[in-house]
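User: Hello! I am new to reading protein models, and I would like to learn how helices, domains and chains fit together. Could you walk me through one?

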Amino acid sequence: MTGVLVSTTINGDAVQFACPTDETLLDSLRNRVGLTGAKEGCGTGDCGACSVTLDGRLVCACLVLGVEANGREIGTVEGLVEDGKLHPLQEKFIEHAALQCGICTPGFLVAAKTLLEKNPKPSEEQIRYALAGNLCRCTGYDKIVRAVQAAAKEMRKK
Amino acid sequence: MRYETPTTTKEAATLLHKEKGQAHILAGGTDLLVRMKMGMTEPTLVVDIKHIPAMQAITKSAAGFKIGATVCGAAMTEHAALGKAWPGIVEAANLIGSDQIQGRCTMVGNLCNGSPAADSVPAMIAAGAKAIIVGKDKRRTVAVDKIVTGPGKTSLAKGEVIEAITLPARLPRSGDAYLRFTPRTEMDIAVVSAAVNLTLQRGVVKTARVVLGAVAPTAVIVAKAAKAIIGTKLDDEALEKLAAACSAACNPIDDKRGTIEYRTKVAGVLAKRAAKIAYQRAGGTL
């Protein structure tokens, strides 16, 4: 393969991979780094299933080139687990049955985590706006919103 | 595909000028990567301009604000001073896509993509924004309304790169506002939009600029609409004249998002509402 060597940080770990210049970060993460949490739904930035953070900002990995990750920090859904313990958002998604097929879930978790870091006590409206870039065709969104509210409450206790 | 990361605008312009194949600038990539995915373009060169320091910041001086070409929408929303001086610009840029898109999208990208429905463009034009353009040999500064010449088309020459957008120094008692109509409140493309920027003197509109989006091949400056409110306190008669001038200036398409008749009517309605918001932001009382 002809490719460019990319040195990046993913979930706090230094990672190197080589990829063609026109490959998306989503494909690099899934096919070269082996992090398959981020999913390809649409591939055009509409569905949010590939949501990751790039230097702390929420982005669609399908709209970032793998080579752009060089020297930058990526956060994926795999980084939510700490010391083998699920993140409160993950716990609440399970408790509230905020998923069915699960394809959109990693994107929702990353987007919700980014929201709660900026705004620990969001209103329902703020949650719905913040998650507008994530599509779910199973739940009708209500269970997701309830799970995020419950997780926010849990996280504020700590 | 060659991927280059120049550190000066001139270097970027030279790379783009020299390329014989299909060259593209990459800032936020929220339009470019979609076009690549769809097979609408197969670049031989992509110039990533995010490593150019001159493009990375929002700066304020006596001359006004300067917003670098790679500043993303989220960074504009986070900039309190910019939002205070130009709330209409910030609310327009903030309407582009989801939070995921806001983390990447730029106003210059929104401008150069050349969409008639681009949200930030009417607001920039209403504000009297200018684009600092860098070519391989020279720099020039051009009013934003001279950049887009038609859907997907700009007046930029091969190799020219917009380095930043400048907004003029804000006079006291000024306000701007941007409104768009979409069937959904998020993640949608403007069916009609209106931007108004004005300055008051003792409650009377002294200067104004009214710009419509998504109702013609490019954003439309409606001088007659501005004239209708200058010298008034936005009384009902002035607002009706403003609305009529806006509707008369429309030359929209008919599509699934809105009919010609609907867009023409709503352009006037939105312009009235945007004018009222801008007036109140400037300190006027309705």
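Analyst: Gladly! Let's begin with a pair of helices: α2(A) and α3(A) are oblique to each other, because their angle falls outside the ranges for roughly parallel, antiparallel or perpendicular. Helix α2 covers residues 88-95 of chain A and helix α3 covers residues 105-118 of chain A; they pack at an angle of about 130°, and their axes are 10 Å apart. Please keep in mind that this is a predicted model.

User: Which way does α2(A) pass α3(A), and which residues meet there?

Analyst: The crossing of α2(A) past α3(A) is right-handed. On the α2(A) side you will find L89(A), Q90(A) and F93(A), and they meet T105(A), L109(A), A112(A) and K113(A) of α3(A). Sorted by class, this contact of α2(A) with α3(A) has four nonpolar residues, two polar ones and one charged one.

User: How do I read a second pair, such as α5 and α8 of chain B?

Analyst: Take the same steps again. Helix α5 (residues 87-94) and helix α8 (residues 120-127) of chain B have axes that come within 8 Å and cross at roughly 165°. An angle over 145 degrees counts as roughly antiparallel, so α5(B) is roughly antiparallel to α8(B). The crossing of these two, α5(B) and α8(B), is left-handed.

User: What residues does each helix, α5(B) and α8(B), bring to the contact?

Analyst: From α5(B) come G88(B), I89(B), A92(B) and A93(B), while α8(B) brings S120(B), A123(B), M124(B), A126(B) and A127(B). The class count for the contact of α5(B) with α8(B) is seven nonpolar, two polar and no charged residues.

User: Now let me step back to the whole of chain A. How many helices and strands does chain A have, and in what order do the elements run?

Analyst: Chain A has five helices and five strands. Starting at the N terminus, the order is β-β-α-β-β-β-α-α-α-α. For overall size, the C-alpha trace of chain A spans about 45 × 30 × 25 Å along its principal axes. You can also compare the radius of gyration with a rule: a compact globule of 158 residues would be near 15 Å, and chain A has 16 Å, which agrees.

User: What are the domains of chain A, and how far apart are their centres?

Analyst: The domain assignment gives domain 1 (4-79) and domain 2 (88-157) in chain A. Their centres, taken over C-alpha atoms, are separated by 21 Å. Where the two touch, 13 residues of domain 1 of chain A contact eleven residues of domain 2 of chain A. On the domain 1 side, strand β3 (residues 51-54) of chain A gives the largest share, three residues.

User: And which domains does chain B have?

Analyst: In chain B the assignment gives domain 1 (2-168) and domain 2 (174-281), with C-alpha centres 24 Å apart. Here 25 residues of domain 1 of chain B are in contact with 26 residues of domain 2 of chain B. You will meet a familiar helix on the domain 1 side: α8(B) gives the most to it, with six residues. That side has 16 nonpolar, six polar and three charged residues.

User: Last one: how many residues of chain A are in contact with chain B, and which element of chain A gives the most?

Analyst: The contact joins 24 residues of chain A to 20 residues of chain B. On the chain A side, β3, β4 (57-60) and α4 (124-130) each supply at least two residues, and β4(A) gives the most, with four. The classes on that side are 13 nonpolar, eight polar and three charged.

Key
Residues numbered from 1 in each chain as written. Chains lettered and ligands numbered in written order. Predicted model: local features only at pLDDT ≥ 70, side-chain atom pairs only at ≥ 80, totals over all residues. Axes fitted to C-alpha atoms, helices over the stretch in contact; angles between N-to-C directions. Parallel < 35°, antiparallel > 145°, perpendicular 65-115°, else oblique. Left-handed = near helix turned anticlockwise from the far one by under 90°. Contact = placed C-beta atoms within 7 Å. Nonpolar A, V, L, I, M, F, W, Y, C, P; charged D, E, K, R; others polar. Domains from an automatic or database assignment. Rg over C-alpha atoms; globule rule 2.2 N^0.38 Å.
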